[in-house]
Each structure stands twice: as structure tokens, then as C-alpha cells.
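Please follow this explanation with the model open beside the text, moving from strands to helices and then to the packing of side chains.

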Amino acid sequence: MAISAILDWVAALKPWQQDAFRRVATSLEIDDASLSAILNNLLREHEIPASEEPDCLPLSQKHLIQDADVMPVARLCALDEVQNTNRPATGQVLPFATHGITLIYGGNGSGKSGYCRILKKICRALVKDTIYSDVFLEANPEPAQARIRYKIDGKEDVQDAIWPDGNEPLVDVAHLSVFDSHNARLYVDARNSIDYLPYEIELLTRFGQTLTVVQNRISQMISEVDNRLRLGLPAGFTPRTKVHELVEKLQPTTPLSDLPKAEEIAENNKWNEGLARELNALQVSGESDPEVLASKCRRVSSVLKQLQQDFTTLKSMLSEKQVVALQNAIARANETAKAAQLAAKDLFSTEPLPHVGSDVWQRMFRYAKEYSILAYPDVPPPATQEGVLCLLCQQPLSQEASERLLRFEEYVTGAAKKDADQATQDLDEIMSSLKFLSIPSTQDINSRLAEFQEMTTKRRKVAEQAIALAISAAEHRAKLVEAKLADNLSDLPALDFSLLRALREEIDSLNQEARILEAAKQNAEQEIRSKRLSQLKDTKHLADSLQIILARRQNLELKARLKECERSAKTNAVSHKANSLRQELVSEGLRDRIRSETEALSLTHLHLTIRDDSRKGESGYKVSLDAKQKVASKDVLSEGEQRALGLACFLADVNGQPKQHGIIVDDPVSSLDHIRLRQVAKRLVQEAGNGRQVIIFTHNLLFFSEVLSKAASHVPSPVPVVTHVVRELAELGFGVVERDDEPWEGKPVTKRIAVLREHLDKLKAKKEMNNVIDRHQAVGFYAQLRETWERLVEEVLLGKVVERFGTDVRTLNLKRVVVDDEDYRKIFWAMKEASEFSGHDMPAGKNIPIPSLDEMERALHLLNEYRASIKKRSNEIQKNREKLEKPPKAQTIY
């Protein structure tokens, strides 16, 4: 029971992970709002303030599809009361055969897809399409809704449930599996692999991918904190004092548990006027105290050392060598950008909109690829397959749009674009390091060197030199950051870093002075006064720098907690669980079933290898091309081979279930040739013959005909089939269901005559035929009459020797065929009359009137009478010709 194992495993996870898994299991599409909620829950769990209230719910049984071996087989009976789904016609009922095949025909734009999208929502489908109501309405419509009627094996009663879009899936019917262009479970990627995912592993894979996205978000947050931590700590605290010890702990390497508490820092910040007066008095009285003066020298020396480090970093980052590196990076970025623009100009010159390939366009495309990971996490981004929803307008991609997206992807992954992106990235890294380069301000230097400047005139001049260099460095950095062309940096003056030598000399001098002073004797009272003076100076320094120190402590704590979040989002445990589940679910039995299905669909020429695979929380079963060269499978397999291989994996999956849960397939033969089309029809009929409920949606008349043929010839007994037609009617709308019917193009002559009789009876109900609507109805009658004559020639006169939607030439049927001059005459004049009245463009002078009801009745009678006469004649001819198949009887004499 894999689902039970997943529930037990998830129950042991942290609450935010349980909630994340629940979101993956219920929506299968993690949007920005859900991702934000997951991130919010993670941050709160690690005591990081978040912008939203917690929204954390655990995973439960109702959120998952039940184990297939636990759930009884449910058989769909009907889908009705459909609302807010692609502008549906009202009052429609789509019934399903509980045993055998339900074969549903619908042309493009008929409304068939609306029913398919509902079934994908309530059944087992990898990708669940967004269901729209009427996109031409301004008001926000209510969610889609439908009534599902079904029957559980072993129970008499038919059950029904109202399903509104957005609610929990219907558990009883959740194990019916859907196959269509979006749910083929066939993903051809750059690793020369085709991913095939059973449901349970698919959930783990999506969960792992979600964790990876969360990890990336956390990493971005850590980078932002690191940039803030680049600012150095305030220097000048007296070594070995309590304040100094607290401040020294504010380092990125300090564990979270060892960071000083904010309250602890605040306790040492008790500066007031009384302490200020005490400090001033001690400074006056301690001017000759050797220990006080030594402490001052040491303190000022540490400040100069920190300043020396800051300016050494500036010298390195603003050196002539770095300027040359920046010049080269700018030049390369500009050159590669021009090359990419030229490539884009050549590639996209015929696109309907200008500026394809520009920076703005690239940003849009990059964001679309990032969204693709969320919307179609199991498809390499961006999703470009024909029929999937566009990542921007969210309308189905046409073939032209799919090809355009592929061109876009080829451009952004091409050599010219890669070179330009790499050059831009290199330049951005240099620019980023310059922007975040810490340059001391004048106020900062004056504050840090206050004591230093008071010592001597020479030292005041050193401080002035430091301020001047900092100002020059800031101006220098600004010119570097603003540079757009390499030539802009050619006349940039070099900075004078002689200050570093002056700082080294002053540091040495201060240390020497401190050593001399420390050698002088100090009485007990002076020692106490000296320590108190250092303590007061540190307290004042802490008060002056409190906001900087508290901000650094907050950033250090935030980084430490974000690191914990990052570790918490690691996918190791997900990969381990997926591995163990694959050992349980993806066994040799599945390998054998995939091989069997690929043989049944004539895919043995592909030389496939079948293995399992898992990486970074992503798990899959690999059906890979056993190729000697490293080449993407999408560049080898045709669309038809990909579709057929996807169907093979799908059938291997459902046949691995311990029970015969039903399957729903939507246009499974797109891009398939007629040979493989017949093989698919045969396999689906076999599934129905084995007791599985099979529901087929198609717009392919040849496939429609093949399913009927294979069902009739199935051994040991024919498979029952019910056929429906879904069409769009102007007066009713989309998704009109004509039950127990078949498409007009597939109707035999007798059924077409019945339709024409019904059409004529409706016209007879009208008293007059002199308006535009009735003229159009008359034209429609004669158009169908003409098509019925054509069908009569094929089916009756020529005895089905050759049929439009057949695959055989039945030469034995020639025994029923004879065509004489009278046949030609009747058919010629009947077709001529039907063509004149069926809307063909005629000269204005001919002025053909609307035919009368009597004329229409006569035309229909002529057709039916001729059909009956040919049928009778064919039977007689057949008897005579069958005699020719036998030798004549020999005479005997006795």
C-alpha cells in the first residue's frame, strides 16, 4: 500500500513540509500564492518573522488518491449538469457504457474538450487543465461544476455527486486514468531520457521539485543578508573588556547559540549624563596615567588596523588591474550582445511582433520559463508542446505557436545567446562587487579617528588624508559602476593609496608608545581608574554604535536561521523515499509490461533501455534510447513515436494495477500513421474485452471506424460499443451531445435517409418557405442529400469495395457490383439537382427559386427508391456470380 506508506512518511515530517506535501497532492500545480505560503510556514517554523499569518495544514487520507488495490472499481455512468465549462450548452447528458467502449466523436471546436477537462480534474491525471467558463464575459464566473454519476462494482445503486472545481477530488472515481496530449507521461529531455512516473513517485517528485524552488528562494535571501554583513563592525573597543568580548562574537562564524542576545547587548548600553561627566573627569585626571594612555594607544591602533583593512580592500577592488578587467568585461558583454542581436534578427525576422530577442523580451521569456517549472514541473521548461496552455495567455498552443516557442528556446539556449548571457553574468558579478564595496563615509572616519586626530597635528593630517581618499574612492567607484562602454574608463585617474603606508607607520608608532607606557609603573588607584575609564569609553562607543551592532546581530541571527531553513528544505530524504518506493512499485513486472506494450505498438526498432532513476528529490522511471551518441531524444523520436511510447507506458502503468480501473483516452492517435492507429485501436479494444471500462474521445474518423471494426472482430466475442457525437449548434452552444449516434460522415445510407426524413418533417411543420432562415434550411437539406448520394455510390452501388474510412479493398464484394447506363443517368441528374439547390454559386440570371416541399419529398423518395432497387439487384447479381465460383455440374448418363 504505497499511499499508506506515503502518509506514514509524511506524518514524520515537519509541519511546514506536511503542508507543502498537501498542497502538491491537492493542486499538482504550485502557484505563487501557494509557494509564498510554504515559504511563510518554513520561516515561521524557524522563528523568522513572516509577512503573512500561518496557513499550515497537515496531509490526510482525503488529500490522496487511494491505493488501487484498496479501492473498488468504479464505473462512470454519466456526466451531466455541466456549468461554467467552456460555454457549455445546458441540459446535456453524456452517458458512458459501464462495460465495453464509449466512443465519443467531436470535431475541433465542438465542446468535446470541456468534458475531457472535467474528467481530468476528477480522475487520475498528471496534468489537470485549468477550466475556464466564458472568457468573453467581463464578470468573474462561478467555478466549473458538474454532476458525476457512477456505479461501484458489486453494488446495485448508481451513485452521484456534485463536483465543483476547486473542491477535493472524488475518491470513488479517482483511479480511472486519463491519457491525452498533456498526460502522456512522456517527457523527452536533454539527458537523452524519457521520464515515466507512477502516481506515488510522481507526488514525491513534485514535492522534491517544490523543495528545490524553496531552497533557491532561501539561498537568495541568504545572499541578501550576506551583502548587508559586508559592512564591518565598529572598531576601537578596549581589548578584554566585556563590551569588546560581546562585539567580537558578532562574526559570521559564530554559532547561533553563541551569539550574544539583544538583551545582553542592551544591558551594556546604559549611557547617561552622569556617566558622561564621570568619563570627562577621568579623562582629565588620567591624562598623565601611563595605563590610561597605553589603553588609548592600543584602542586607536585597533581602529587604524580596521581602517587599514578597509582601504586595502579598496585598493584591490579599484586597482588598475580591476579597471582593465572591467573594461574587458564591458567590451565582451557589448560584443556578444550584438552577436546575439544579429542572431535574433536573422531568426525572428518573420515574427509578428518586433524586438524579439531584446533585453525586455528576454526578461519576459526568463520569467515564463520560471513559471513553467511551477505550472508544468515534470516538463523541461518551457512547456512548448502543441496543445498545452500558453504560459502567458493560458490558451492552448497551436502548432504554429508551439514551433515559435521552440525557436525562442533554441535561441536562448544557442551558442550566441549563451555567450552573451555568460558575458553579462561576468559583468554583473564585477558590477555587483563594486556596488556592495564598503567605502567609509566622512562621518564614519571622523567618528572612528576622533581620539587619533586629537593626539598630534601630523595625525590629524593623516585623518584628513583618509577622508580625502574615501571621497575619491567613492567618486571612482561611481564612474566604474556607471560605465557603459570600455572607452569611458580610458582616462580614469589612478587613486593615491600612500595613506596605507602612513597608517602602517602610525600603527607601529602607537604600539611602540603603548609598550613604553605599559612599562611604566602604575599604582593600584591608577589601575582602578584606568579600567573604569576603558569601561566608560566602551560604554559610550557602544551607545554611539548601538543601531549598527544590533542590526548586525539581527542579520547574523537571520542568516543562521535561514541556513537552518535551507537544510530543512534539502531533498535527500525525498530521494531516499522515492528510491524505496521505486523498489516496491517499479519492479521487473513494469519493465516487462513496458516491453510488451512497445512490441504491441511496433516500437521495437527504437532499441530502448528501461531503468529507474532519482536525483535531488526528482524521481522517475527512465525509458531511454540506447544510443551510442549523446543526443536529445526529442531530436530523434518523431511526434508519433513519442505519442505511441507514451501510450505504451500509460497502458503498462494501468495494467500494473491489481484491479481493472477504467481508462479515458482523448485523441490517442494524434500524429500516428494508419498502421499504428490500427494497433492502438486494437489495444484499447483488448482492454475493454478484458473487462475494463474504456472511454475514448476522438476527432479522427479513421480511428473511430477502426475502433468499431476491431470491437466487432474481437475474439473470443465482440466488444460492446456505444457511440455519441458532441457538436456545436448555433441555437444551443458548445458541447451538444447526440446520444447513441455517430458522425454524419460515418453514417450509412439508411441512417442518412432517416436524418433527411426528420429534416424534411421539420420543414413541413412550417407553413411558408419565403424567409432567409428557411432558405438556409433547404440548402442544408440538399447538401446532405448530395452527400448521401455520394455515400450510396460507395456503399450500395459499389458494394463497399472501397470505403473512405476503411483500410481494405474488398475485392470479393465485386460479386454484387454492376453499373449500367441507367445507373449513370439517374445518379448524374440527381447529383445535378442536389448541387444546384445546395448552395453552389450560380449566375444571377438563372434565379433558381426555393424548391417546394413536394419537390424535396420527391427527391428524397427517388433516393430511397433507387437505394432499394440497387439493393435488390445486388442480391440477385450476387447469387448469379456465386454460381461462377463453382464448377458447372457434370451430366451423367445411365
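**From the sheet to the cores**

Ala 146 stands opposite Trp 163 in β5, and this pair is a convenient place to enter what is a predicted model. The two strands concerned, β4 and β5, pair in the antiparallel sense over 7 bridges. They form a hairpin with 5 residues between the strands, in which Gly 154 takes a positive phi near 95 degrees.

On to the next pairing: β4 (residues 145–152) also pairs with β1 (residues 74–83), again in the antiparallel sense and over 7 bridges, and here Lys 151 of β4 is the bridge partner of Arg 75. These strands belong to an open sheet of 4 strands, whose order is β2-β1-β4-β5 and whose pairing is antiparallel. At its edges are β2 (93–95) and β5 (158–164), each of which pairs on one side only, while neighbouring strands are turned against each other by 20 degrees on average, direction ignored. Across β1, β2, β4 and β5 lies helix α4 (residues 112–122), which runs at about 125 degrees to β1.

Turning to the nonpolar packing, the largest nonpolar core has 45 residues, and those with the most contacts inside it are Trp 9, Phe 21, Leu 64, Phe 207, Val 214 and Ile 218. At least two residues of this core come from each of α1 (2–11), α2 (15–27), α3 (32–45), α5 (199–229), α6 (242–248) and α19 (546–568), with α5 giving the most, 10 residues. Which residues is Phe 21 in contact with, once its neighbours within four places in sequence are left aside? They are Ile 6, Trp 9, Val 10, Leu 59, Leu 64, Leu 203, Leu 204 and Phe 207. Apart from the largest core lies another core, of 43 residues, which includes Leu 318, Ala 470, Ile 507 and Leu 510. In soluble globular proteins, nonpolar side chains tend to be buried together.

One helix pair remains to be examined. The axes of α9 (residues 290–317) and α16 (residues 457–482) come within 12 Å and cross at roughly 30 degrees, and the crossing is left-handed. From α9 the contact is made by Leu 307, Phe 311 and Leu 314, and from α16 by Ala 466, Leu 469, Ala 470 and Ala 473. These residues divide into 7 nonpolar, no polar and no charged. Ala 470 thus appears twice in this account, as one of the residues in the contact of α9 with α16 and among those of the core of 43 residues.

Note on methods:
Residues numbered from 1 in each chain as written. Predicted model: local features only at pLDDT ≥ 70, side-chain atom pairs only at ≥ 80, totals over all residues. Heavy atoms only, no water. Axes fitted to C-alpha atoms, helices over the stretch in contact; angles between N-to-C directions. Left-handed = near helix turned anticlockwise from the far one by under 90°. Contact = heavy atoms within 4.5 Å. Nonpolar A, V, L, I, M, F, W, Y, C, P; charged D, E, K, R; others polar. Core = buried A, V, L, I, M, F, W, Y, C linked by side-chain atoms within 4.5 Å. Buried < 20%, exposed > 50% of the residue type's maximum accessible area, 1.4 Å probe, protein only. Pairing = 2+ DSSP bridges.
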